[in-house]
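Reader: Please take a close look at one loop for me, and then follow the chain outward from there. I would like a careful, connected account that I can read beside the model.

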Amino acid sequence: MRRVLSERRETIRLTRLARLFVVTLAYFGARDVTGRLSMLAIVLATGAAQVLPVMPDAATWMWLALGVLGLSLWLLKMQRPARALIPVWAAVLGLLLAVVRIEQRLADELAAENENRVSRVVLRVASLVRLRPDSRAFEAEVISSLPEGVPSRIYVSWTAPGRAGPYGRFNQAPAQFPELIPGQIWRMSLTLKKLHGARNPNAFDYEAYMFAQGVRATGSVRGTPKYQGDDPWVSLEIVAQRARHRVRQAMRAHLDGMRYGAVLLALAIGDQASVESADWQVFNRTGITHLVSISGSHITMIAALGGLVVLWSWRRLRFRGRNLAERVPAQIAAAMAALLVAWLYCLLAGWGVPARRTFLMLAVVAAAHLLRLPMNGSRLLSVVVLAVVMLDPWALFASGFWLSFGAVCVLMASSGWVGNRIGLPAMTRMQRLKFFLTSASRLQLAITVALMPLLALIFHQISFASPLANAYAIPLISLVVTPLSLLLAALAFVPGLGWMAGFCGWLAHTCLDLMMIPTVWLADFNAASIDVAHPPLALTLLALLGLVLALMPYGFPARRAAWILILPALCWRPERPPEGGWDAFALDVGQSAAIVVQTARHVLLFDTGLRSSAASDEGARTIWPFLQSMGIRKLDVMVVSHADIDHAGGARSLLEAVQIEQSYSSFDLGGYLRREAHLLGRPQSLPRFPWAMSECVAGHAWTIDGVDFQFLWPPPLAKPGRSAKAPKPNDRACVLLIRGRDHSLLLTSDIGAVQEALLLRRGLDPVDVVLAAHHGSRYSSSPGFVQAMKARHVLAQAGLWNRYGHPGPEVVQRWEQAGATFWRTDRQGAITVRSRQNGLRAYSTREYDRRYWAGR
């Protein structure tokens, strides 16, 4: 084990030296076009490596080398200058460095024999701990393990024994945990698993996010961990995370009970984990999400303040009878101080992609100033982009990378839009302050408008309320709330000034609370935003080209007309099924159920997924984002098959997010929602109900777009006698048969073998596609039912390593022996089935959109 770790460290050290060499050469090579093209080639090659479905083998590398050699010989034969080869070889170098780093991270994996088994691990807390009322979660560095074969970095979840359940602890005291501080060493028994996240079309990729963070496995605490000691100075990362912990701890003492206290923490130290999901929805709909985080403008503001303080004092300080400015120019001292302040604040902010970009940009500007090197906008941007990618090739996954550099491009381009005024008259201090505030607000609004297409491509939403919300939110948050939050963080550590820290926190929260009043009103306005479907790659590239051309300086040909190139991506809608055809999407929602069925002009949702906590359910986390990415703005029909929380848990979020015309259920859906609101501690907060609410009863049928829909189960409920027992929810779950012009689909929910036999007695004919009943339980999919269905495809929605063992091995074998292809969301992600006149097609998201980090 030690030899393997030593070899790994040596490889990482050599890779770091290679990256430093590349960045150094790029810095001095950025003076001409060839150097900048070479840097762009490295970045593009790194990006190309990140989208590979699998890592190339030796044969692929051989063909690549032959191709590059052939291209080089061709260029030389065409009497091209040797400089034309530099970008080609730069791209090869960038690809090699990216692949080496990817292979290093892939090799650091959990051994197959350790998966879903308890391992004894000695670990070090390596990140700011995520606080929840009944759990703690953090990234950890593995020091040793028994057995071996545990990755060097894992994500640990520690849940309290008396977990509050899916409805939270609104009326209970939070669970008690020991204080977890970065740098602490613990001995824990962990159930380890490889990274696994839901894979749905056009959705957030959890596995990619964790892989980019270097996390290669997850661990759930078993038993009682034992504290082993503390090592606060082991690395710079631990020191920075420990400082973040202390600042959060000091600030929380003054923010306890404040509605938007978590937002103030996010503005000060970048801790966004505690911000409520409802608040994020408001920020997204009003287009102010970029303000509720540590941005480059915040870091630059703090760095400039530190530089100005040093500049003022440096000119006045003396040492041994001489002014310090005579030894070191005040401008240089101020630049170094500003850079130091920016670096420290970036560490405190978590060293995210926007923070890295800001610091590196300041560092390059400072280095160019000290070395007297010419530096214009394109050189600066190309060097910083390369440096960010060399430091972290997975930064390309982060939306912050594109938004941060997009904002910088807008700032750089803005200088070429209007020119400079000639003969600017002298202004008083108040006039200069007013001019500065006005110019800054205009620039921020320009950034907001220019980034709206990019935000639409990333988050599938365009906010029409964004210019209005940003008009008052930008100056208030940037000039009032953020400085007060930082002042609170600083004063909280000064003895005797707790009252002043509390006042700053109260004032910051009051300003933010007042700002949120019109912001919430704008978010609730129906026309505040529209959803944008996920466009294909060609339209995305065309939109990015249009955005680049629109940012060109004033006088560039057709600059204003370039916005037209963005419209196809914003207006695009996925192809809908033809008349009589249908599309079915069995979403990857873990151990729950949610299927979207789309016809030519209508959309039906069958079940709404699981509620996992008071603040999280599959309706808001998976189903609604999927509908947004498909350009679906309303649901014509929502069927909630029965009242189990894994089928009805997301109904509330969907009713709040999207208009639903008709609902069907086997129970009182309104009563369920009222009971759920009471359990959540919000009895008066009810979502808007569907326009029509009906009971699903066998025999009820309708036809839309040439597709027939019919409920086969449950039968009408007879009045029970005094001694009769109420039927179980599963026994009365809705069963829906969908028959298109060419193919049929049967949605069985959680019925058992008894109900399957009753359906066969009622004359159920063979069906092309079947949803395996009860997630593939061995108490369903009886042999007679399987043989009678003659299905070509069978879908099972289940969670990986679920405690029920769904789908049962005997059920899978039974369907496959009957000639069906068995699909399961736990291993293959969301399943898409398309019924067309020319055939029935089924495919899974994991196979259709393969990525090298997804090992299953």
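**A loop and its surroundings**

Author: His775 is placed in the loop between strand β23 (769-771) and helix α25 (783-789), where helices (H or I, at least four residues) and strands (E, at least two) are DSSP runs numbered from the N terminus. Although His775 is not a glycine, this residue has a positive phi of about 60°. The model is predicted, so that local features need pLDDT of at least 70 and side-chain atom pairs count only at pLDDT 80 or more, while totals for chains, interfaces and linings use all residues. Residues are numbered from 1 along each chain as its sequence is written, and side-chain values use heavy atoms, with hydrogens and water left out.

The strand that leads into this loop, β23, belongs to an open sheet of seven strands with mixed pairing, in the order β19-β20-β21-β22-β23-β24-β25; two strands pair if DSSP finds at least two bridges between them. The edges of this sheet are taken by β19 and β25 (821-824), each of which has a single partner strand, so one side of each is left without a neighbour in the sheet. On average, and with direction ignored, neighbouring strands here are turned by 15° against each other, where axes are lines fitted to C-alpha atoms, for helices over the stretch in contact, and angles run from 0 to 180 degrees between N-to-C directions. Within the sheet, β23 runs parallel to strand β22 (residues 744-747), and two bridges join them; Leu746 has Val770 of β23 as its bridge partner.

The loop between β20 and β21 holds another backbone feature, for Pro714 lies there and is joined to Trp713 by a cis peptide bond with omega of about 10°. A second cis peptide bond, from Leu146 to Pro147, has omega near 0°, and Pro147 is found in the loop between β3 (135-146) and β4 (153-159).

The loop between β20 and β21 also brings us to the disulfide, of which the structure holds one, a disulfide being a pair of cysteine sulfur atoms within 2.5 Å. The bond is formed by Cys696 and Cys734, with their sulfur atoms 1.9 Å apart. The torsion about this S-S bond is about -65°, so the disulfide is left-handed. Cys696 sits in the loop between β18 and β19 (701-704), and Cys734 in the loop between β20 (707-713) and β21 (735-739), so the pair ties together parts that are 38 residues apart in sequence.

Strand β18 leads to another open sheet, this one of eight strands in the order β18-β17-β16-β13-β12-β11-β26-β27, again with mixed pairing. Its edge strands are β18 (692-695) and β27 (839-844), each pairing on one side only. The average turn between neighbouring strands of this sheet, direction ignored, is 15°. Inside the sheet, strand β12 (residues 595-598) pairs with strand β13 (residues 603-606) in the antiparallel sense over four bridges, and the partner of Gln598 in β13 is Val603.

Earlier in the numbering, strand β1 (residues 117-125) runs antiparallel to strand β5 (residues 184-194), with eight bridges between them, and Arg120 stands opposite Ser189 of β5. Strand β5 is also joined by 10 bridges to strand β6 (residues 217-230), with which it runs antiparallel; here Arg187 stands opposite Lys226 of β6.

Two helix pairs complete this account. Helix α8 (residues 277-286) and helix α17 (residues 498-524) have axes that come within 9 Å and cross at roughly 75°, and α8 and α17 are therefore roughly perpendicular to each other, a label used for angles of 65 to 115 degrees. In this contact, which means heavy atoms within 4.5 Å, Val282, Phe283, Arg285 and Thr286 of α8 meet Met516, Thr519, Val520, Leu522 and Ala523 of α17. By class, the residues are six nonpolar, two polar and one charged, with Ala, Val, Leu, Ile, Met, Phe, Trp, Tyr, Cys and Pro counted as nonpolar, Asp, Glu, Lys and Arg as charged, and the others, Gly among them, as polar.

Helix α9 (residues 296-314) and helix α11 (residues 330-348) pack at an angle of about 145°, their axes being 7 Å apart. Among the residues that make this contact are Gly306, Gly307 and Trp314 of α9, together with Ala337, Ala338 and Tyr345 of α11. The contact of α9 with α11 divides into 15 nonpolar, four polar and no charged residues.

Definitions and conventions:
Angles under 35 degrees count as roughly parallel, over 145 as roughly antiparallel, 65 to 115 as roughly perpendicular and the rest as oblique.
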